[in-house]
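Visitor: I have a structure open and want to go through it piece by piece. Can we start with the overall layout and then look at single residues?

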Amino acid sequence: MQTSATLLVTPYRIGRVLLASLFFISGILKITAFSGVVGYMASLGVPFATFAVAATIVVEVGGGLAIMSGWNVRPIAIIVALFTVGATLTAHRFWEADPANFQNQLNNFLKNISIIGALLMLAATDNSAKK
C-alpha cells in the first residue's frame, strides 16, 4: 500500500523537472546565439557582457540540470533564485518601459517573481536526497 507521501513523489519530481527546464533550455539557446545575447546584454548596460552571458549559461544549464536530476537541489535552487532576481531587475524594468512595452515587461517581471517564489519553495522543501 502506498502512503500519501509516496504518491506525492511523482508530481513533485515532474514539477521540479518542469521548473528547471526553463533554465536549461534558456541556457542552451544562449549558447546557440551567444554573440547576439552578448550584444543585447551590452545594450542593457550590463558590464562585462561577454563574461556575464558565460556566467549566465553556467547557472542556467548547470543549475537546470542539477535541479532536474535532484542533485544538491536546496543550494542550487537558492543560487538560481538569486540569479533570477538579478536577471529580472536587469532585463524587465517595467517601470522604465515605454507605453508600448510596459505590459510585456510587467508580465515578464511578474512571471520571474513567481519563478523566484517556486525556487524558494523548492529550496525550503526539497527532500530528493531521501528518495
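Guide: What follows goes from the fold to the helices, the pocket and a few residues, and the model is a predicted one.

Visitor: What secondary structure does the chain have, and in what pattern?

Guide: The chain comes to five helices and zero strands. Along the sequence that reads α-α-α-α-α.

Visitor: What box do the C-alpha atoms fill?

Guide: Roughly 55 × 30 × 20 Å, taken along the principal axes.

Visitor: And how much of the chain is buried?

Guide: Of the 131 residues in the chain, 34% are buried. As for contacts between residues at least 6 apart in sequence, 67% join residues at least 24 apart.

Visitor: Take H5. How far does it reach for its 27 residues?

Guide: From the first C-alpha to the last, H5 reaches 40 Å, close to the 39 Å expected at 1.5 Å a residue. At its start, a side-chain oxygen of Asp98 comes within 3.0 Å of the backbone nitrogen of Ala100.

Visitor: Which residues of H5 are buried?

Guide: Among them are Gln105, Leu106, Asn108, Phe109, Asn112, Ile115, Ile116 and Leu119. An α-helix has 3.6 residues a turn, so residues three or four places apart point the same way.

Visitor: What about H3, how does its span look?

Guide: H3 has 21 residues and spans 30 Å between its end C-alpha atoms, close to the expected 30 Å. Its buried residues include Val53, Ile57, Glu60, Val61, Gly64 and Ile67. Just after H3, Gly70 has a positive phi of about 90°.

Visitor: Which residues have a positive phi without being glycine?

Guide: Phe48 and Asn72 are two such residues, each with a phi of about 50°. Most residues other than glycine have a negative phi.

Visitor: Where do those two sit, and are they buried or exposed?

Guide: Phe48 is in the loop between H2 and H3, and it counts as exposed because its relative accessible area is 71%. Asn72 is in the loop between H3 and H4. With 40% relative accessibility, Asn72 is partly exposed.

Visitor: Switching to pockets. How much space is in the largest one?

Guide: The largest pocket holds about 610 Å³. It is lined by 25 residues, and the closest to its centre are Lys30, Glu60, Phe83, Ala87 and His92. The elements giving two or more residues to the lining are H1 (4-32), H2 (34-43), H3 (49-69), H4 and H5 (99-125).

Visitor: What is the lining made of?

Guide: It divides into 14 nonpolar, eight polar and three charged residues. Glu60, named above as close to the pocket centre, is also on the list of buried residues in H3.

Visitor: You listed His92 too. Where is it, and what does its side chain pair with?

Guide: His92 lies in the loop between H4 and H5. Its side chain makes a polar contact of 2.9 Å with the side chain of Gln105. Beyond four places in sequence, His92 touches Ala87, Gln105, Asn108, Phe109 and Asn112.

Visitor: Why is His92 counted as buried?

Guide: Its relative accessibility is 16%, so His92 falls under the 20% limit for buried.

Visitor: What about Thr88?

Guide: Thr88 lies in H4, residues 73-91, and counts as buried at 1% relative accessibility. A polar atom of the Thr88 side chain is 2.6 Å from the backbone oxygen of Thr84. Leaving aside neighbours within four places, Thr88 is in contact with Arg93, Phe109, Asn112 and Ile116.

Visitor: Is Leu82, in the same helix, buried or exposed?

Guide: Leu82 is in H4 and counts as exposed, at 60% relative accessibility. Its C-alpha is separated by 9.6 Å from that of Leu120, which is 38 residues away along the chain.

Visitor: Last one, Leu44. Where is it and what is it in contact with?

Guide: Leu44 is in the loop between H2 and H3 and is partly exposed at 21% relative accessibility. Apart from neighbours within four places in sequence, Leu44 is in contact with Thr90, Ala91 and Arg93.

Visitor: How far is Leu44 from Leu65?

Guide: Their C-alpha atoms are separated by 28 Å, with the two positions 21 residues apart along the chain.

Notes. Residues are numbered from 1 along each chain as its sequence is written. This is a predicted model: local features need pLDDT of at least 70, side-chain atom pairs count only at pLDDT 80 or more; totals for chains, interfaces and linings use all residues. Side-chain values use heavy atoms; hydrogens and water are left out. Helices (H or I, at least four residues) and strands (E, at least two) are DSSP runs, numbered from the N terminus. Buried means under 20% relative accessible area, exposed over 50%, partly exposed in between (1.4 Å probe, protein chains only). A polar contact is a pair of N or O atoms within 3.5 Å; within protein, one must be able to donate a hydrogen and the other to accept it, and residues adjacent in sequence count only if both atoms are side-chain atoms. Contact means heavy atoms within 4.5 Å. On a 1 Å grid over the protein atoms alone, a cavity is a set of points where a 1.4 Å probe fits but cannot get out, and a pocket is an open set with protein on both sides within 12 Å along at least five of seven lines; lining residues have an atom within 4 Å of a point. Grid points are joined across faces, edges and corners, and a volume is the space filled by probe spheres set on the points. Ala, Val, Leu, Ile, Met, Phe, Trp, Tyr, Cys and Pro count as nonpolar, Asp, Glu, Lys and Arg as charged, and the others, Gly among them, as polar. The expected span of a helix is 1.5 Å times one less than its number of residues.
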